[in-house]
Amino acid sequence: MVMTGAGVSSESGIPTFRGPVGLWNNHRPEDLATPEAFENDPSLVWEWYDWRRLLVLDAEPNPAHYAISDLELYYPEFLVVTQNVDGLHRRAGSQKVLELHGSITRARCYSSPDHIEPLQKNQKLKEYPPCCPECGEILRPDVLWFGESYDEEILSECLLFAQDCDLILVVGTSGAVGVPAAIVGTAIQKGAISVEVNPEESSLTQGVDFYINGKAGEFMPKIISELQRSQ
Ligand code: OAD
(Lines give C-alpha, C1' and ligand atoms only; values in the text may rest on other atoms or scores of the structure.)
Protein backbone atom coordinates (compact mmCIF):
# COMPACT_ATOMS: atom_id res chain seq x y z
CA MET A 1 0.00 0.00 0.00
CA VAL A 2 1.19 3.52 -0.72
CA MET A 3 -0.06 6.67 1.01
CA THR A 4 0.86 9.87 -0.79
CA GLY A 5 0.55 13.55 -0.02
CA ALA A 6 1.38 16.82 -1.71
CA GLY A 7 5.14 16.16 -1.54
CA VAL A 8 4.92 13.43 -4.19
CA SER A 9 3.82 16.07 -6.69
CA SER A 10 6.16 18.85 -5.62
CA GLU A 11 8.81 17.79 -8.14
CA SER A 12 6.10 18.20 -10.79
CA GLY A 13 5.92 21.87 -9.79
CA ILE A 14 2.73 21.65 -7.74
CA PRO A 15 2.98 23.53 -4.44
CA THR A 16 2.55 21.67 -1.16
CA PHE A 17 0.27 23.06 1.57
CA ARG A 18 2.59 23.41 4.53
CA GLY A 19 6.23 24.42 4.84
CA PRO A 20 7.94 27.68 3.86
CA VAL A 21 6.53 27.84 0.32
CA GLY A 22 3.29 25.96 0.99
CA LEU A 23 -0.11 27.22 -0.11
CA TRP A 24 -1.29 27.62 3.49
CA ASN A 25 1.50 30.13 4.01
CA ASN A 26 -0.19 32.74 1.87
CA HIS A 27 -3.80 31.63 2.12
CA ARG A 28 -5.98 30.75 5.05
CA PRO A 29 -7.73 27.39 4.56
CA GLU A 30 -10.86 28.79 6.21
CA ASP A 31 -11.11 31.44 3.44
CA LEU A 32 -10.78 28.96 0.57
CA ALA A 33 -11.33 25.36 1.55
CA THR A 34 -14.40 25.15 3.76
CA PRO A 35 -18.14 25.03 2.99
CA GLU A 36 -18.49 28.37 4.81
CA ALA A 37 -15.86 29.99 2.58
CA PHE A 38 -17.78 28.77 -0.46
CA GLU A 39 -21.07 30.09 0.88
CA ASN A 40 -19.47 33.47 1.64
CA ASP A 41 -17.66 33.91 -1.65
CA PRO A 42 -18.06 31.13 -4.24
CA SER A 43 -16.32 33.18 -6.93
CA LEU A 44 -13.16 33.63 -4.86
CA VAL A 45 -13.07 29.93 -4.02
CA TRP A 46 -13.55 29.00 -7.68
CA GLU A 47 -10.90 31.45 -8.81
CA TRP A 48 -8.39 29.76 -6.47
CA TYR A 49 -9.35 26.22 -7.48
CA ASP A 50 -9.27 27.15 -11.17
CA TRP A 51 -5.76 28.57 -10.76
CA ARG A 52 -4.68 25.34 -9.08
CA ARG A 53 -6.48 23.23 -11.71
CA LEU A 54 -4.59 24.94 -14.53
CA LEU A 55 -1.29 24.42 -12.68
CA VAL A 56 -2.11 20.73 -12.41
CA LEU A 57 -3.10 20.42 -16.07
CA ASP A 58 0.19 22.05 -17.08
CA ALA A 59 2.19 19.71 -14.85
CA GLU A 60 3.46 16.24 -15.73
CA PRO A 61 3.83 13.20 -13.46
CA ASN A 62 7.38 12.86 -12.11
CA PRO A 63 9.56 9.75 -11.57
CA ALA A 64 7.90 9.11 -8.19
CA HIS A 65 4.44 8.82 -9.78
CA TYR A 66 5.81 6.50 -12.47
CA ALA A 67 7.66 4.34 -9.94
CA ILE A 68 4.48 3.97 -7.90
CA SER A 69 2.50 3.01 -10.98
CA ASP A 70 5.12 0.34 -11.78
CA LEU A 71 4.54 -1.26 -8.39
CA GLU A 72 1.04 -2.22 -9.41
CA LEU A 73 2.51 -4.56 -12.03
CA TYR A 74 4.46 -6.51 -9.43
CA TYR A 75 1.90 -6.83 -6.66
CA PRO A 76 -1.54 -8.20 -7.49
CA GLU A 77 -2.90 -6.83 -4.20
CA PHE A 78 -2.00 -3.17 -4.30
CA LEU A 79 -3.49 0.20 -3.52
CA VAL A 80 -2.42 3.82 -3.72
CA VAL A 81 -4.30 6.08 -1.36
CA THR A 82 -3.68 9.72 -2.16
CA GLN A 83 -4.59 12.92 -0.43
CA ASN A 84 -3.83 14.76 -3.66
CA VAL A 85 -6.53 16.10 -5.93
CA ASP A 86 -4.20 16.49 -8.93
CA GLY A 87 -4.86 13.18 -10.69
CA LEU A 88 -1.13 12.68 -11.40
CA HIS A 89 -1.08 9.07 -10.18
CA ARG A 90 -3.66 8.13 -12.78
CA ARG A 91 -1.89 10.14 -15.46
CA ALA A 92 1.27 8.15 -14.63
CA GLY A 93 -0.65 4.93 -15.25
CA SER A 94 -1.78 3.90 -11.76
CA GLN A 95 -5.16 2.26 -11.84
CA LYS A 96 -5.56 1.14 -8.26
CA VAL A 97 -5.89 4.59 -6.75
CA LEU A 98 -8.30 5.98 -4.20
CA GLU A 99 -8.48 9.77 -4.03
CA LEU A 100 -9.38 10.56 -0.43
CA HIS A 101 -9.79 14.28 -1.02
CA GLY A 102 -11.52 14.19 -4.41
CA SER A 103 -10.36 15.61 -7.72
CA ILE A 104 -9.69 19.14 -8.85
CA THR A 105 -10.55 18.21 -12.43
CA ARG A 106 -14.22 17.68 -11.61
CA ALA A 107 -17.05 19.79 -10.28
CA ARG A 108 -20.26 18.70 -8.66
CA CYS A 109 -23.58 20.39 -8.24
CA TYR A 110 -23.96 22.23 -4.96
CA SER A 111 -27.61 21.20 -4.69
CA SER A 112 -27.58 17.76 -6.33
CA PRO A 113 -24.25 16.08 -5.48
CA ASP A 114 -24.87 13.25 -7.93
CA HIS A 115 -24.53 15.73 -10.81
CA ILE A 116 -20.81 15.40 -11.51
CA GLU A 117 -19.20 17.51 -14.22
CA PRO A 118 -15.73 17.02 -15.72
CA LEU A 119 -14.13 20.44 -16.19
CA GLN A 120 -12.90 21.54 -19.59
CA LYS A 121 -9.26 20.84 -20.12
CA ASN A 122 -6.57 23.52 -20.40
CA GLN A 123 -9.00 26.37 -20.28
CA LYS A 124 -9.94 28.81 -17.59
CA LEU A 125 -13.60 28.55 -16.68
CA LYS A 126 -15.81 31.09 -18.41
CA GLU A 127 -17.49 32.17 -15.19
CA TYR A 128 -17.03 31.88 -11.43
CA PRO A 129 -18.96 30.07 -10.09
CA PRO A 130 -19.86 27.83 -13.04
CA CYS A 131 -23.41 26.46 -13.27
CA CYS A 132 -24.63 22.89 -13.38
CA PRO A 133 -25.65 22.00 -16.96
CA GLU A 134 -28.26 19.58 -15.58
CA CYS A 135 -30.15 21.87 -13.21
CA GLY A 136 -28.68 25.37 -13.42
CA GLU A 137 -27.61 25.52 -9.76
CA ILE A 138 -24.04 26.48 -8.97
CA LEU A 139 -21.26 23.92 -9.16
CA ARG A 140 -18.58 23.41 -6.52
CA PRO A 141 -15.15 21.78 -6.90
CA ASP A 142 -15.45 18.00 -6.33
CA VAL A 143 -12.96 18.04 -3.46
CA LEU A 144 -13.15 17.49 0.28
CA TRP A 145 -13.09 20.67 2.33
CA PHE A 146 -12.18 21.14 5.97
CA GLY A 147 -15.11 20.27 8.17
CA GLU A 148 -16.63 17.85 5.65
CA SER A 149 -17.00 14.11 6.10
CA TYR A 150 -14.97 11.63 4.13
CA ASP A 151 -16.75 9.44 1.61
CA GLU A 152 -17.60 6.42 3.75
CA GLU A 153 -17.15 3.86 1.00
CA ILE A 154 -13.69 5.12 0.04
CA LEU A 155 -12.63 5.42 3.65
CA SER A 156 -13.70 1.93 4.61
CA GLU A 157 -11.97 0.51 1.52
CA CYS A 158 -8.74 2.26 2.57
CA LEU A 159 -9.03 1.04 6.15
CA LEU A 160 -9.77 -2.54 5.12
CA PHE A 161 -6.76 -2.54 2.85
CA ALA A 162 -4.58 -0.97 5.55
CA GLN A 163 -5.55 -3.67 8.05
CA ASP A 164 -4.29 -6.37 5.76
CA CYS A 165 -1.28 -4.92 4.00
CA ASP A 166 2.28 -6.18 4.49
CA LEU A 167 4.07 -2.99 3.53
CA ILE A 168 3.10 0.66 3.57
CA LEU A 169 5.10 3.33 1.78
CA VAL A 170 4.34 6.81 3.08
CA VAL A 171 5.42 9.39 0.55
CA GLY A 172 5.41 13.18 0.76
CA THR A 173 2.88 13.83 3.48
CA SER A 174 3.23 15.91 6.63
CA GLY A 175 0.73 13.66 8.41
CA ALA A 176 -1.07 16.81 9.55
CA VAL A 177 -4.52 15.61 8.54
CA GLY A 178 -6.06 13.10 10.93
CA VAL A 179 -7.82 10.61 8.68
CA PRO A 180 -4.93 9.83 6.30
CA ALA A 181 -2.59 9.68 9.32
CA ALA A 182 -4.99 7.21 10.95
CA ILE A 183 -4.98 5.01 7.84
CA VAL A 184 -1.18 4.85 8.04
CA GLY A 185 -1.45 4.17 11.79
CA THR A 186 -3.87 1.30 11.15
CA ALA A 187 -1.48 -0.39 8.74
CA ILE A 188 1.39 -0.03 11.21
CA GLN A 189 -0.66 -1.27 14.16
CA LYS A 190 -1.77 -4.29 12.20
CA GLY A 191 1.82 -5.25 11.49
CA ALA A 192 2.73 -3.74 8.12
CA ILE A 193 6.34 -2.78 7.57
CA SER A 194 6.39 0.97 7.09
CA VAL A 195 8.75 3.11 5.02
CA GLU A 196 8.55 6.88 4.77
CA VAL A 197 10.12 9.01 2.04
CA ASN A 198 10.26 12.70 2.86
CA PRO A 199 13.06 15.29 2.82
CA GLU A 200 11.72 16.61 6.16
CA GLU A 201 10.66 14.60 9.18
CA SER A 202 6.88 14.52 9.49
CA SER A 203 4.52 13.77 12.34
CA LEU A 204 4.53 10.15 11.10
CA THR A 205 8.32 9.70 11.13
CA GLN A 206 8.54 8.55 14.74
CA GLY A 207 6.14 5.69 14.07
CA VAL A 208 7.65 4.22 10.89
CA ASP A 209 10.16 1.38 10.65
CA PHE A 210 12.35 3.05 8.03
CA TYR A 211 12.68 6.74 7.29
CA ILE A 212 14.33 7.78 4.03
CA ASN A 213 15.36 11.40 4.21
CA GLY A 214 15.07 12.41 0.57
CA LYS A 215 12.90 13.48 -2.31
CA ALA A 216 10.26 11.16 -3.71
CA GLY A 217 11.35 11.63 -7.33
CA GLU A 218 14.83 10.51 -6.46
CA PHE A 219 14.16 7.72 -3.98
CA MET A 220 10.93 6.06 -5.15
CA PRO A 221 12.50 4.75 -8.38
CA LYS A 222 15.39 3.33 -6.28
CA ILE A 223 13.06 1.63 -3.81
CA ILE A 224 10.99 0.18 -6.62
CA SER A 225 14.02 -1.25 -8.40
CA GLU A 226 15.19 -2.85 -5.13
CA LEU A 227 11.77 -4.39 -4.63
CA GLN A 228 11.74 -5.66 -8.18
CA ARG A 229 15.19 -7.20 -7.75
CA SER A 230 14.08 -9.07 -4.65
CA GLN A 231 10.93 -10.52 -6.28
P1 OAD B 1 1.61 19.02 3.27
O2 OAD B 1 1.84 20.27 2.48
O3 OAD B 1 1.05 19.14 4.63
O4 OAD B 1 2.98 18.23 3.40
C5 OAD B 1 3.79 17.98 2.28
C6 OAD B 1 4.90 17.07 2.72
O7 OAD B 1 5.67 16.73 1.57
C8 OAD B 1 5.87 17.69 3.74
O9 OAD B 1 6.08 16.77 4.79
C10 OAD B 1 7.14 17.90 2.92
O11 OAD B 1 8.34 17.75 3.70
C12 OAD B 1 7.03 16.77 1.91
N13 OAD B 1 7.78 16.99 0.66
C14 OAD B 1 8.08 18.15 0.03
N15 OAD B 1 8.74 17.91 -1.10
C16 OAD B 1 8.90 16.57 -1.20
C17 OAD B 1 9.50 15.70 -2.14
N18 OAD B 1 10.11 16.15 -3.24
N19 OAD B 1 9.44 14.36 -1.92
C20 OAD B 1 8.82 13.86 -0.82
N21 OAD B 1 8.23 14.64 0.11
C22 OAD B 1 8.26 15.97 -0.07
O23 OAD B 1 0.74 18.06 2.33
P24 OAD B 1 -0.19 16.85 2.75
O25 OAD B 1 0.41 16.05 3.83
O26 OAD B 1 -0.57 16.17 1.50
O27 OAD B 1 -6.22 18.75 2.42
O28 OAD B 1 -1.44 17.62 3.30
C29 OAD B 1 -2.58 16.90 3.62
C30 OAD B 1 -3.80 17.69 3.33
O31 OAD B 1 -3.73 18.96 3.97
C32 OAD B 1 -4.03 18.03 1.87
O33 OAD B 1 -4.63 16.99 1.15
C34 OAD B 1 -4.93 19.21 1.97
C35 OAD B 1 -4.19 19.97 3.03
O36 OAD B 1 -4.88 20.92 3.72
C37 OAD B 1 -7.33 19.38 2.06
O38 OAD B 1 -7.33 20.35 1.35
C39 OAD B 1 -8.57 18.74 2.61
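Buried residues, meaning those under 20% relative accessible area, as opposed to exposed ones over 50% and partly exposed ones in between (1.4 Å probe, protein chains only), make up 49% of the 231 residues in the chain. This is a predicted model, in which local features need pLDDT of at least 70 and side-chain atom pairs count only at pLDDT 80 or more, while totals for chains, interfaces and linings use all residues. Residues are numbered from 1 along each chain as its sequence is written, and side-chain values use heavy atoms, with hydrogens and water left out.

**The whole chain**

Begin with the entire chain in a cartoon view, where there are nine helices and nine strands; helices (H or I, at least four residues) and strands (E, at least two) are DSSP runs, numbered from the N terminus. Along its principal axes the C-alpha trace spans about 55 × 30 × 30 Å. The radius of gyration, taken over C-alpha atoms, is compared with a globule rule of 2.2 Å times the number of residues to the power 0.38; for 231 residues a compact globule would have a value near 17 Å, and the chain's 18 Å agrees with that.

Contact here means heavy atoms within 4.5 Å, and of the contacts in the chain with a separation of 6 or more, 64% are between residues 24 or more positions apart. If you colour by charge, you will find 17 positive and 34 negative side chains, with the centres of the two sets 5 Å apart. In that count Lys and Arg are positive and Asp and Glu negative, whereas His and the chain ends are not counted, and the place of a charge is taken as NZ of Lys, CZ of Arg, CG of Asp or CD of Glu.

**First stop: Ser12**

Select Ser12, in the loop between strand E1 (2-4) and helix H1 (23-26). Is Ser12 buried or exposed? Ser12 has a relative accessible area of 13%, which means that it counts as buried. Leaving aside neighbours within four places in sequence, show the residues that Ser12 contacts, namely Ala59, Glu60, Pro61, Asn62, His65 and Leu88. One of these, Glu60, has its backbone oxygen 2.7 Å from a polar atom of the Ser12 side chain; a polar contact is a pair of N or O atoms within 3.5 Å, where within protein one must be able to donate a hydrogen and the other to accept it, and residues adjacent in sequence count only if both atoms are side-chain atoms.

**Second stop: the loop between E5 and E6**

Move next to the loop between strand E5 (116-118) and strand E6 (139-143), where Pro129 lies. Look along the backbone there, and you will see that the peptide bond from Tyr128 to Pro129 is cis, with omega near -10°. As background, most peptide bonds are trans.

In this loop you can also select Leu119, which counts as buried because its relative accessibility is 12%. Not counting residues up to four places away in sequence, Leu119 touches Trp46, Arg53, Ile104, Thr105, Arg106, Ala107 and Leu125.

Glu137 belongs to the loop between E5 and E6 too, but with a relative accessibility of 40% Glu137 counts as partly exposed. Its contacts, apart from neighbours within four places in sequence, are Cys109, Ser111, Pro130, Cys131 and Cys132. Which side chain makes a polar contact with the side chain of Glu137? It is that of Ser111, at 3.4 Å.

**Third stop: Ser203 and Tyr211**

Now select Ser203, in the loop between strand E8 (193-197) and E9, which is exposed because its relative accessible area is 54%. Beyond four places in sequence, Ser203 touches Ser174, Gly175 and Ala176. The side chain of Ser203 reaches the backbone oxygen of Ser174 at 3.1 Å, and a polar atom of that side chain lies 3.2 Å from the backbone oxygen of Gly175.

Finish at Tyr211, found in strand E9 (residues 210-212) and partly exposed, with a relative accessible area of 26%. Apart from residues up to four places away in sequence, Tyr211 touches Glu196, Asn198, Pro199, Glu200, Glu201 and Thr205. Where does the Tyr211 side chain reach a backbone oxygen at 3.4 Å? This happens at Glu200, while the backbone oxygen of Asn198 lies 2.8 Å from a polar atom of the Tyr211 side chain. As a last step, draw a line from Tyr211 to Ser194, which are 17 residues apart in sequence and 8.5 Å apart in space, C-alpha to C-alpha.
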